[in-house]
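Welcome, and thanks for opening the viewer. Let's take a walk through this model together, one selection at a time.

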Amino acid sequence: MKKIINEPSNVVDEMLDGFVYANGDRVKRIEDTTVIAQKDIQPNKVTLVSGGGSGHEPAHAGFVGKGMLQAAVSGEVFTSPTPDQVFEGIKAADAGEGVFLIIKNYTGDVMNFDMAKELAEAEGINVDYVIVDDDIAVEDSTHTAGKRGVAGTVFVHKILGAAADRGYSLHELKQLAVRLVLNVKSVGVAMTAATVPEVGKPGFTLADDEMEYGVGIHSEPGYKRTAIKSAEKIAAELTAQLKKAFDFQPGQEYALLINGLGATPLMEQYILANDVKKQLSNEAIAIPYKKVGNWMTSLDMNGVSLTMLKLEDDWVELLNHPVSVTDW
Amino acid sequence: MLTAEQTNRWLERFAEKIEANKDYLSELDGIIGDGDHGNNMARGIEEMRKKLQAADPANGSEVLKNASVALLSKIGGAAGPLYGTALLEMSKQMTEADDLSAVVKAGLDGVQKRGKAEEGEKTMVDVFAPVYRELEAGNLTVEAVEDAVEATRELKATKGRASYLGERSIGELDPGAVSIGYLFISLIEEGLTDV
């Protein structure tokens, strides 16, 4: 394992302090917690809290600021934060109009956020939530813990954050959130697995000439292992999966997010973007909003994911709503 | 009810087992999960020890409650809420009745409610439930706990992160079942099942 760290058990704490050192004009760390909160939260608006295990940076602290999240709660690497920490995040964000939680669909995250919601409600804070499950690599069946929450969560942050900034009520945010989750889907591919600092070795191994489609952001197994392919062929496979899941219809509009998983250079992400463009140009759909970069990473995993959001109403406007966050 | 001293002994033995098997638990988790169960449990146990040493509990119920809060605030992931809930529900039940099997049943019910898991899904419930039945029948032994743990090997995971492996989860032990097994083996080894 080659990493620029000190004690593996201190990585989260030291990362958070470094993050605040670099972005202290915008965010602060709530003392003795793993909560990064927006400074000067605007009053009389519903506020947004998200979080999860660390190792997915810039998710979620990089999205804290006006127009997106008001607080992000970090757990240990790839491990959900605990209920008391999430509760601290809720208290830090609360501006009197209720707090909305954005949760990725993992067993631990759902349980810890649910317990935090109970703690907050016991103190009189109105809390509602949405569970994001955009990873179409997994069948949603009774035989698994359900589809996982991955990079599509970032679109949910962006749109709900804009809506909250425009004065949506907690109830209105919930209704919007449910529609967003139904319309966002992602699928990824990995060339190598991530190495958790405290574990010291990759979560799984792929040969030099192998790659795997559908790997999760904590190295959960994917749906197909194959010989390594060109960007063109990878774009064809990923867009074919999304096309099947959405059932593209002429005239539909989508937002597109190409997401690096941590160790894939931007050069390769843009090459893939160019190939995705070619694939999608064969479809009679419009892509009025696009984004390429590292949004929901998996430590040092080499790979990418493709997210599409089927657009409704004024969602493009909400995507373009100005934000003041570290990473957008 | 177990005394504070008895409950402390029980949990201290559990802590020793977790520490001794930290790498083993993470190794098991690496096969069907994400490889951090041992580290997460060890972090929780360290906090639990601190909390239990600083506390002056009146009875076993208070010890379990203190342990619950410590584990809940430090383990994280799925194991944190499950261990926290198990110990908290056992703590509550302990104030109501002396019957240890009823106490274990309360913990089991709490875990099933929190994790929405049934028996046969390759989780800690597959150790918790048989332990309760053996305890109620008056013949809980270390071998019975070990058998229940070993039996998770042949199950297919349908809950938690291991469920994404589907058929590939068969043939491996469930790390949560192994760690909760240590809790009950510690109870037996401290001679507390027939107090």
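Start by selecting Ala20(B), which lies in helix H1 of chain B, residues 4-20. Before going further, please keep in mind that this is a predicted model. Is Ala20(B) buried or exposed? Ala20(B) has a relative accessible area of 65%, and because the cut-off for exposed is over 50%, Ala20(B) counts as exposed. Now add Thr141(B) to your selection: 121 residues separate the pair along the chain, and their C-alpha atoms are 21 Å apart.

**Next stop: Asp126(B)**

Select Asp126(B), which you will find in helix H7 of chain B, residues 125-136. With a relative accessible area of 7%, Asp126(B) is buried, since buried means under 20%. What does Asp126(B) touch, apart from its neighbours within four places in sequence? Colour these residues to see the answer: Glu119(B), Gly120(B), Glu121(B), Ala148(B), Thr152(B) and Leu155(B). Then zoom in on the side chain of Asp126(B), which reaches the backbone nitrogen of Lys122(B) at 2.8 Å. Try one distance to a residue elsewhere in the sequence, too: from Asp126(B) to Ile180(B) the C-alpha atoms are 9.9 Å apart, with these positions 54 residues apart in sequence.

**Two helices of chain B**

Select residues 175-189 of chain B to light up helix H9. This helix has 15 residues, so at 1.5 Å a residue it should span 21 Å, and the 21 Å between its end C-alpha atoms agrees. H9(B) is mostly covered, with 14 of its 15 residues buried. Step just past H9(B) to Gly191(B), where phi is positive, at about 70°.

Now move to helix H5 of chain B, residues 79-94. How far apart are the end C-alpha atoms of H5(B)? They are 22 Å apart, which agrees with the 22 Å that its 16 residues should span at 1.5 Å a residue. H5(B) is mostly covered as well: twelve of its 16 residues are buried. Among the buried ones you can pick out Pro81(B), Leu82(B), Tyr83(B), Met90(B) and Met94(B).

**Where the chains meet**

Show both chains and select Arg43(B), found in helix H3 of chain B. Arg43(B) is buried, with a relative accessible area of 16%. Leaving aside neighbours within four places in sequence, Arg43(B) is in contact with Glu76(A), Thr79(A) and Glu198(A) in chain A, and with Lys74(B) and Ile75(B) in chain B. Its side chain meets that of Glu76(A) in a salt bridge, 4.0 Å from N to O.

Now widen the view to the whole interface. The rule finds four salt bridges across the interface of chain B and chain A, and six residue pairs are in polar contact. Which elements of chain B give two or more residues to the side that touches chain A? They are helices H3 (37-54), H4 (60-74), H5 (79-94) and H6 (100-115). The residues on that side divide into eight nonpolar, eleven polar and seven charged.

How many residues take part on each side? In chain B, 26 residues are in contact with 31 residues of chain A. The two chains bury about 2200 Å² between them, with 55% of it on carbon and sulfur atoms. For a last selection, highlight Arg114(B), Arg161(B) and Tyr164(B): in chain B these lose the most area to chain A, together 32% of what that side buries.

Technical notes:
Residues numbered from 1 in each chain as written. Chains lettered and ligands numbered in written order. Predicted model: local features only at pLDDT ≥ 70, side-chain atom pairs only at ≥ 80, totals over all residues. Heavy atoms only, no water. Contact = heavy atoms within 4.5 Å. Buried area = accessible area lost by both parts, 1.4 Å probe. Polar contact = N/O pair within 3.5 Å; in protein donor to acceptor, adjacent residues only side chain to side chain. Helix = DSSP H or I, 4+ residues; strand = E, 2+ residues; numbered from the N terminus. Nonpolar A, V, L, I, M, F, W, Y, C, P; charged D, E, K, R; others polar. Expected span 1.5 Å × (residues − 1). Buried < 20%, exposed > 50% of the residue type's maximum accessible area, 1.4 Å probe, protein only.
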